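Thanks for sharing this one. Here are my notes, set out as numbered points so that you can follow them with the model open.

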Amino acid sequence: MTDTIEQKLAELGVELPQPAAPVASYVPAVEAGGMLFISGQLPFIDGKVVTGRLGENVSLEQGEAAARACGIMLIAQMKAALGSLDRVERIVKLGAFISSTPEFNAQPKVANGASDLMVQVFGPAGQHSRSAVGVPVLPLGAAVEIDAIVAVRPA
């Protein structure tokens, strides 16, 4: 499956970055009970965190791109934690946090940036449950933060 996943990433023009280091007292991922729990990932595009708020100074399209960038970082964390993407059995759940104004209500559309990427990369195993929540502020002023729960195959 790794060849297929690696090939799919290449076809999509996705180059996995170096996984982001934690910005506080936690680890990026914990594997327990056949699941991988990945801490919230911020959107890095061209080496910089995408900052701002949806409904204020970040467009829906920019928000979707930021969510996709979070998804790319989630995949990079999967590879780092598991050693190989062929251990990914299924993307179980994504939790999307979108920095937004009280009037902005398209959080699910923003989160689609990451959700669509998971399906493009992992096929049917990338289909997942999800929450998409608007919040007033995120770490480092990020526009989006996404965490994940992934079912994994034994090493």
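1. Let me start at the surface, keeping in mind that this is a predicted model. Val23, Tyr26 and Leu140 come together there as a nonpolar patch, and their joint accessible area is about 300 Å². Of these patch members, Tyr26 sits in the loop that links α1 (2–11) to β1 (29–32). Tyr26 has a relative accessibility of 36%, so this residue counts as partly exposed, falling between the cut-offs of 20% for buried and 50% for exposed.

2. Next, please look at the sheet. It is an open one, built from 5 strands with mixed pairing, and the order is β1-β2-β7-β5-β6. β1 and β6 (129–135) are the edge strands, each pairing on one side only. Ignoring direction, neighbouring strands here are turned against each other by 15° on average.

3. From the β1 edge inwards, the pairing can be followed strand by strand. β1 pairs with β2 (residues 35–41) in the antiparallel sense, over 4 bridges. Within this pairing, Val30 stands opposite Phe37 of β2. β2 in turn runs antiparallel to β7, with 5 bridges joining the two; here Gln41 stands opposite Ile146 in β7.

4. The other neighbour of β7 deserves a look as well. β5 and β7 also run antiparallel, and 9 bridges join them. One pair to find on screen is Val88 with its bridge partner Val152 in β7. How much of β7 is covered? Mostly: 7 of the 9 residues in this strand are buried.

5. Now for the helix that packs on these strands. α2 lies across β1, β2, β5 (88–99) and β7 (144–152). Relative to β7, the helix runs at about 40°.

6. I would finish with Gln77, a residue of helix α2 (residues 60–82). Is Gln77 buried or exposed? Its relative accessible area is 3%, so Gln77 is buried, given that the cut-off for burial is under 20%. Which residues does Gln77 touch, leaving aside neighbours within four places in sequence? The contacts are Pro19, Ala20, Pro28, Ile38 and Gln41. Gln41 is the residue already met opposite Ile146, so it is a handy landmark for moving between the helix and the sheet on screen.

Note on methods
Residues are numbered from 1 along each chain as its sequence is written. This is a predicted model: local features need pLDDT of at least 70, side-chain atom pairs count only at pLDDT 80 or more; totals for chains, interfaces and linings use all residues. Side-chain values use heavy atoms; hydrogens and water are left out. Patches are made of residues with over 30% relative accessible area and no salt bridge: like charges are joined within 9 Å, nonpolar side chains (Val, Leu, Ile, Met, Phe, Trp, Tyr) within 5 Å. Accessible areas come from the Shrake-Rupley method with a 1.4 Å probe; for residues, only the protein chains shown count as cover. A salt bridge is a side-chain nitrogen of Lys or Arg within 4 Å of a carboxyl oxygen of Asp or Glu. Buried means under 20% relative accessible area, exposed over 50%, partly exposed in between (1.4 Å probe, protein chains only). Contact means heavy atoms within 4.5 Å. Two strands pair if DSSP finds at least two bridges between them. Axes are lines fitted to C-alpha atoms, for helices over the stretch in contact, and angles run from 0 to 180 degrees between N-to-C directions.
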